[in-house]
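Biologist: Got a minute to walk me through this model? I'd like to start with the charged side chains.

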Amino acid sequence: MGKFIFLLKNFIVDNFSIIRGNNNKFIINGIFYKVKKDIRGNDNEVKLGKNSTLKNSKIFIRGNNNQIIIESNVSINNIDLWIEDNNNRIYIGDYTTIESGHFAVTENNKSIKIGQNCMFSTNVTIRTGDSHSIIDLESGTRINDAKDVIIGDSVWVGANAVLLKGVNIGNNSIVGTGSVVSGSFIPNVVLAGLPAKIVKNNVSWKRERI
């Protein structure tokens with residue numbers, strides 16, 4: 001089984017764990033409720049910040065020196081946090097809420113970074129890579145390398161949206177339900193469609209109905 005470390009300041013309800021490797025660390029300052037852990041590798045770290053909740057979810061890691069960092073006052077339900085390979089990172093900023101989804105970082109040295117006060121609806125998918133290779137037949141080289149995903153502060157993502165490798169969404173933007181997003185977008189826009197395009201500029205949003 002190897003060595004793993006729990007630093008616990010709130011409480012854990014643990015249904016299922018497979019942890020193989022050395023020096024895998026869990027720093028839990030919030031509520032860690034019914035989270036399945038399937039980790040095989042060394043020197044991985046999972047951190048749940050103060051007043052945060054992660055529940056009914058799964059953490060899957062295959063590799064070494066990876067991090068899943070969830071900051072303070074975050075609420076997450078029914079999500080797969082998935083990492084393959086080494087030196088990868090999933091970062092979720094303060095006050096973000098996630099109803100459900102699948103967030104996957106694949107290939108070495110890649111990351112998903114989510115800013116503060118973001119709001120994700122149900123069944124949102126974020127991926128840094130395709131998990132399999134596409135080969136150019138003339139050169140024999142792979143042409144679909146993984147890329148980081150960066151989501152700014154106060155971004156609202158609708159249900160069933162898919163955010164693909166290389167996405168960079170600016171602050172205060174909105175992603176429409178069912179959209180498939182690729183590429184980079186400026187702040188304060190509404191994105192919608194398949195593929196997603198800017199359908200409105202110069203907007204912001206609030207959680208409250210005003």
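Modeller: Sure. A salt bridge here is a side-chain nitrogen of Lys or Arg within 4 Å of a carboxyl oxygen of Asp or Glu. Keep in mind that this is a predicted model.

Biologist: OK, how many salt bridges does that rule give?

Modeller: The count comes to 4 salt bridges. One of them pairs Asp38 with Arg62, with the closest N and O atoms 3.1 Å apart.

Biologist: Where do those two sit?

Modeller: Asp38 is in strand β5 and Arg62 is in strand β7, so the pair ties together parts that are 24 residues apart in sequence.

Biologist: Which other side chain does Asp38 meet in a salt bridge?

Modeller: That would be Arg40, at 3.5 Å from N to O.

Biologist: And is Asp38 buried or exposed?

Modeller: Asp38 counts as buried because its relative accessibility is 9%. The arginines are another matter: Arg40 counts as partly exposed at 32%, and Arg62 counts as partly exposed at 25%.

Biologist: Any salt bridge away from those strands?

Modeller: Yes, the side chains of Glu107 and Arg142 meet at 2.5 Å, N to O. Glu107 is in the loop between β13 (101-106) and β14 (111-114), while Arg142 is in the loop between β16 (124-127) and β17 (149-151), so this pair ties together parts 35 residues apart in sequence.

Biologist: What about burial for those two?

Modeller: Glu107 has 17% relative accessibility, so it counts as buried. Arg142, at 28%, counts as partly exposed.

Biologist: Which residues do shared partners join into one network?

Modeller: Asp38, Arg40 and Arg62 are joined into one network by salt bridges that share partners.

Biologist: Back to the strands, then. How do β5 and β7 run, and how many bridges join them?

Modeller: They run parallel, and 9 bridges join β5 (residues 31-40) to β7 (residues 53-62). Asp38 takes part in that pairing too, with Phe60 as its bridge partner in β7.

Biologist: What else does β7 pair with?

Modeller: β7 pairs with β9 in the parallel sense over 3 bridges, where the bridge partner of Lys55 is Asn77. It is also joined to β10 (residues 79-84), again running parallel, by 5 bridges. In that pairing, Ile61 has Ile83 as its partner in β10.

Biologist: New topic: Glu71. Where is it?

Modeller: Glu71 is in the loop between β8 (67-70) and β9 (75-77).

Biologist: What is the nearest side chain of opposite charge, and how far away is it?

Modeller: It's Lys47, 4.1 Å away. A salt bridge has to be within 4 Å, and Glu71 has none, although it is buried.

Biologist: Which side chain joins Glu71 in a polar contact?

Modeller: The side chain of Tyr91 does, in a contact of 3.1 Å. Leaving out residues up to four places away in sequence, Glu71 touches Lys47, Gly49, Ser52, Tyr91, Ile92, Gly93 and Asp94.

Biologist: Last one, Asn168. Which strand is it in?

Modeller: Asn168 is in β20, residues 168-169. It counts as partly exposed because its relative accessibility is 31%.

Biologist: And what does Asn168 touch?

Modeller: Its contacts are Ile150, Gly183, Ser184 and Phe185, again not counting residues up to four places away in sequence.

Biologist: How far apart are Asn168 and Glu45?

Modeller: They are 123 residues apart in sequence and 25 Å apart in space, C-alpha to C-alpha.

Technical notes: Residues numbered from 1 in each chain as written. Predicted model: local features only at pLDDT ≥ 70, side-chain atom pairs only at ≥ 80, totals over all residues. Heavy atoms only, no water. Helix = DSSP H or I, 4+ residues; strand = E, 2+ residues; numbered from the N terminus. Buried < 20%, exposed > 50% of the residue type's maximum accessible area, 1.4 Å probe, protein only. Lys, Arg positive; Asp, Glu negative; His and termini not counted. Polar contact = N/O pair within 3.5 Å; in protein donor to acceptor, adjacent residues only side chain to side chain. Contact = heavy atoms within 4.5 Å. Pairing = 2+ DSSP bridges.
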